[in-house]
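Biologist: I have a model open and would like to learn how to read it. Can we go feature by feature?

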Amino acid sequence: MYRVVLASRKTVEWIGLLVVAFLFVFPFLWMASTAFKTMPEVRQFPPTLLPETWEWSNFAQAWESGPFLMFTWNSILVAVGILILQFLTAVPAAYAFARYKFPGRNLLFGLVLIVLMIPGQVIFLPIYVQLSGWGLVNTLWSLILPYAASAFGIFLLRQAFMQVPDEVIEAARLDNASEWKIMWTIMVPMAKPVLVTFGLFSFIYHWNDYFWPLIMTNSDEVRTLPIGISSLHMSDGGTLWNVMMAGNMILILPILVIFFVAQRHIIKAFIYQSK
């Protein structure tokens, strides 16, 4: 009887997981399917999941609809630039919060946690005014500098650094290793899975970011790929959903590649954090 109840419970759990997975994966599959369809197939009812003929030309049409090479290059510069600055600021801050005891440490870390709860849309106006005063609006710097520090990165790395045994750090100090050397040659390699995970989250967020480039830029020379994709929304004959979905596939392709390359580290990071 106990085995029957256990098997029934496992079956229900698996069904629940499959339903949740389907809800998350189906929109992506539908987008990928639409990217290969012709417009008559997109509009037909009832709809079909797989295209009758695979229209690879939708990708070429999407790519040639604007300066997408420049948009892609701008997205790479912004996402990578932000990532480098966030590593340079988050690692020392997280190390200090995790390994140093100084007056006001808890208060300062509490302020960092509060920043996590404030959406960027709330504070964009004062940042815009400040960047405008510096003459940086409509430049790539206006997309990079506001995200140079990450409260999420500080929190995540602090938790990882706190799990490093004290004996490891004391042994390094006995060997006359400086704090700078301990931080970059001992703590950072030991927190590599967390760094990879944070890097991936940061890259995905800023690669897909639409709001900030929209308000900070007004010319194609400094705009990023999501803004370029949005320009595919309308055409003379209405919305070309197949071309638009092809553009979205181009947008997410680098993210998928990075995810599949780094997925081992991501899973390891979550297991590491849950211990």
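**Reading the salt bridges**

Modeller: Start with Arg99, which counts as buried because its relative accessibility is 18%. The cut-off for buried is under 20%. Keep in mind that this is a predicted model.

Biologist: Which residue forms a salt bridge with Arg99?

Modeller: General idea first. Side chains of opposite charge can pair when their charged atoms come close. Here the partner of Arg99 is Asp166, with the closest N and O atoms 2.3 Å apart. This pair links distant parts of the chain. Asp166 sits in helix α9, residues 166-174, and Arg99 sits in helix α4, residues 68-99. The two are 67 residues apart. Asp166 is partly exposed, because its relative accessibility is 47%.

Biologist: How many salt bridges does the structure hold?

Modeller: It holds 3. Another one joins Glu170 to Arg173, and there the closest N and O atoms are 3.3 Å apart. Arg173 also forms a salt bridge with Glu179, at 2.8 Å between the closest N and O atoms. Glu170, Arg173 and Glu179 are therefore read together, since salt bridges link them in a network.

Biologist: Why are Glu170 and Arg173 separated by about one helical turn?

Modeller: Because they are 3 residues apart in helix α9. Now check the exposure of the network. Glu170 has a relative accessible area of 42%, so this residue is partly exposed. Arg173, at 30%, counts as partly exposed. Glu179 is partly exposed too, with 26%.

Biologist: Next, the nonpolar cores. Which residues of the largest nonpolar core touch the most other members?

Modeller: Look for buried nonpolar side chains that are joined by contacts. The largest nonpolar core has 27 residues. Val91, Tyr95, Leu157, Phe161, Ile182 and Met187 touch the most other members. Two or more residues come from each of α4, α5, α8, α9, α10 (179-190) and α11. Apart from this core lies another, of 23 residues. Its members include Met31, Phe59, Ile250 and Leu251.

Biologist: Let me zoom in on Val91. What does Val91 touch?

Modeller: Leave out residues up to four places away in sequence. Val91 then touches Gln86, Leu157, Phe161, Met183, Trp184, Val188 and Leu195.

Biologist: Now the empty spaces. How much space lies in the largest pocket?

Modeller: A pocket is open, whereas a cavity is a space from which the probe cannot get out. The largest pocket holds about 640 Å³ of space. Its lining has 22 residues, and Val115, Tyr147, Ala149, Ser150 and Ala151 lie nearest the centre. The elements giving two or more lining residues are α5 (105-116), α6 (120-133), α8 (151-162) and α11 (192-208). The largest share, 5 residues, comes from α11.

Biologist: How does the lining of the largest pocket divide by class?

Modeller: Sort the lining residues into nonpolar, polar and charged. This pocket has 17 nonpolar, 5 polar and no charged residues in its lining.

Biologist: And the closed spaces? How many cavities of 30 Å³ or more does the structure hold?

Modeller: The structure holds 1. About 80 Å³ of space lies in this largest cavity. Ser75, Val78, Ile82, Leu143, Tyr147, His206, Trp207, Asp209, Trp212, Pro213 and Thr224 line the cavity. At least two of the lining residues come from each of α4, α11 and α12 (211-216). The largest share is 3 residues, from α4. By class, the cavity lining has 7 nonpolar, 3 polar and 1 charged. Tyr147 is worth selecting on screen: this residue lines the cavity and is among those nearest the centre of the largest pocket.

Biologist: One last residue. Where does Pro146 lie?

Modeller: Pro146 lies in the loop between α7 (141-144) and α8. Its relative accessible area is 27%, so Pro146 counts as partly exposed. For contacts, skip residues up to four places away in sequence. Pro146 then touches Ile127, Leu131, Trp141 and Trp212. Pro146 and Trp212 are 66 residues apart along the chain, yet their C-alpha atoms are separated by 9.7 Å. Trp212 also belongs to the lining of the largest cavity.

Definitions and conventions: Residues are numbered from 1 along each chain as its sequence is written. This is a predicted model: local features need pLDDT of at least 70, side-chain atom pairs count only at pLDDT 80 or more; totals for chains, interfaces and linings use all residues. Side-chain values use heavy atoms; hydrogens and water are left out. On a 1 Å grid over the protein atoms alone, a cavity is a set of points where a 1.4 Å probe fits but cannot get out, and a pocket is an open set with protein on both sides within 12 Å along at least five of seven lines; lining residues have an atom within 4 Å of a point. Grid points are joined across faces, edges and corners, and a volume is the space filled by probe spheres set on the points. Helices (H or I, at least four residues) and strands (E, at least two) are DSSP runs, numbered from the N terminus. Ala, Val, Leu, Ile, Met, Phe, Trp, Tyr, Cys and Pro count as nonpolar, Asp, Glu, Lys and Arg as charged, and the others, Gly among them, as polar. A salt bridge is a side-chain nitrogen of Lys or Arg within 4 Å of a carboxyl oxygen of Asp or Glu. Buried means under 20% relative accessible area, exposed over 50%, partly exposed in between (1.4 Å probe, protein chains only). A nonpolar core is a set of buried Ala, Val, Leu, Ile, Met, Phe, Trp, Tyr and Cys residues joined through side-chain atoms within 4.5 Å. Contact means heavy atoms within 4.5 Å.
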